[in-house]
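Morning, everyone. Let me put the model up, and then we'll walk through the ligand site.

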Amino acid sequence: MKITVIQGPNLNMLGIREQGVYGSIKLDDIHAQMEQIAKQNNIEVEFFQSNLEGEIVDKIQECLGDSDGIVINPAAYTHTSIAIRDAIAAVSLPAIEVHLSNIHQREEFRHKSLIAPVCAGQILGMGPYGYHLAMIGMIQILNEVAAIKKARTEAQK
Ligand code: DQA
């Protein structure tokens with residue numbers, strides 16, 4: 001089983017950007033922690049970061065037939081991108097939306113997520129630990145999907 005982790009604009013600047021909001025951890029360190037959880041659960045994980053909306057849409061489309069689930073922090077595109085929302089809906093894969101900060105405690109324009117309605121769940125305000133929770137949540141979803149598929153195949157025998 002494979003999970004694709006997609007990181008939106010400016011998340012490559014973690015550790016440098018607005019440390020009071022996002023903390024001092026770098027994106028590579030977050031990914032190293034996620035990789036560990038994946039390994040412990042025999043799951044393959046791929047990491048992708050882009051500052052460009054179209055590249056994120058392309059990556060989501062590539063997940064079709066390649067990945068079983070998506071963990072995504074769409075960053076600023078959370079609040080603006082119908083294209084990213086439509087791409088997630090199009091591939092019909094379970095997705096979990098992550099935000100380091102609690103977007104509801106921040107400026108009003110951050111309160112609305114266009115992405116959340118097409119996601120299985122949303123984790124926010126937990127800092128880097130939110131990504132850890134997202135991995136655990138996604139592994140749980142994938143195990144449930146696999147169990148349902150297995151039960152269906154056995155019922156057809
Ligand atoms: C963010 C929240 C967004 O509003 C912001 O544009 C980001 C990061 C977060 O992880 O808290 O870039 O997605």
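How do the residues of the shell around the ligand divide into nonpolar, polar and charged? They split into 5 nonpolar, 4 polar and 3 charged. Here Ala, Val, Leu, Ile, Met, Phe, Trp, Tyr, Cys and Pro count as nonpolar, Asp, Glu, Lys and Arg as charged, and the others, Gly among them, as polar.

Ground rules. This is a predicted model, where local features need pLDDT of at least 70, side-chain atom pairs count only at pLDDT 80 or more, and totals for chains, interfaces and linings use all residues. Numbering runs from 1 along each chain as its sequence is written, and side-chain values use heavy atoms, with hydrogens and water left out.

Now the shell (a heavy atom within 4 Å of the ligand). Among its members are R17, N73, R106 and R110.

Next, polar contacts (a pair of N or O atoms within 3.5 Å). An N or O atom in the S101 side chain lies 2.6 Å from a ligand oxygen. For the H79 side chain, that distance is 2.7 Å. L100 uses a polar backbone atom, at 2.8 Å from a ligand oxygen. Alone, the ligand exposes 330 Å², and the protein buries 98% of that (Shrake-Rupley, 1.4 Å probe).

On to the record. UniProt, in an unreviewed entry, places "active site" at Y22 and H99; such annotations may be inferred rather than shown by experiment. The two span 78 residues in sequence, yet their C-alpha atoms are no more than 9.6 Å apart, so they gather at one spot. Both Y22 and H99 also belong to the shell around the ligand.

Note on methods
A polar contact is a pair of N or O atoms within 3.5 Å; within protein, one must be able to donate a hydrogen and the other to accept it, and residues adjacent in sequence count only if both atoms are side-chain atoms.
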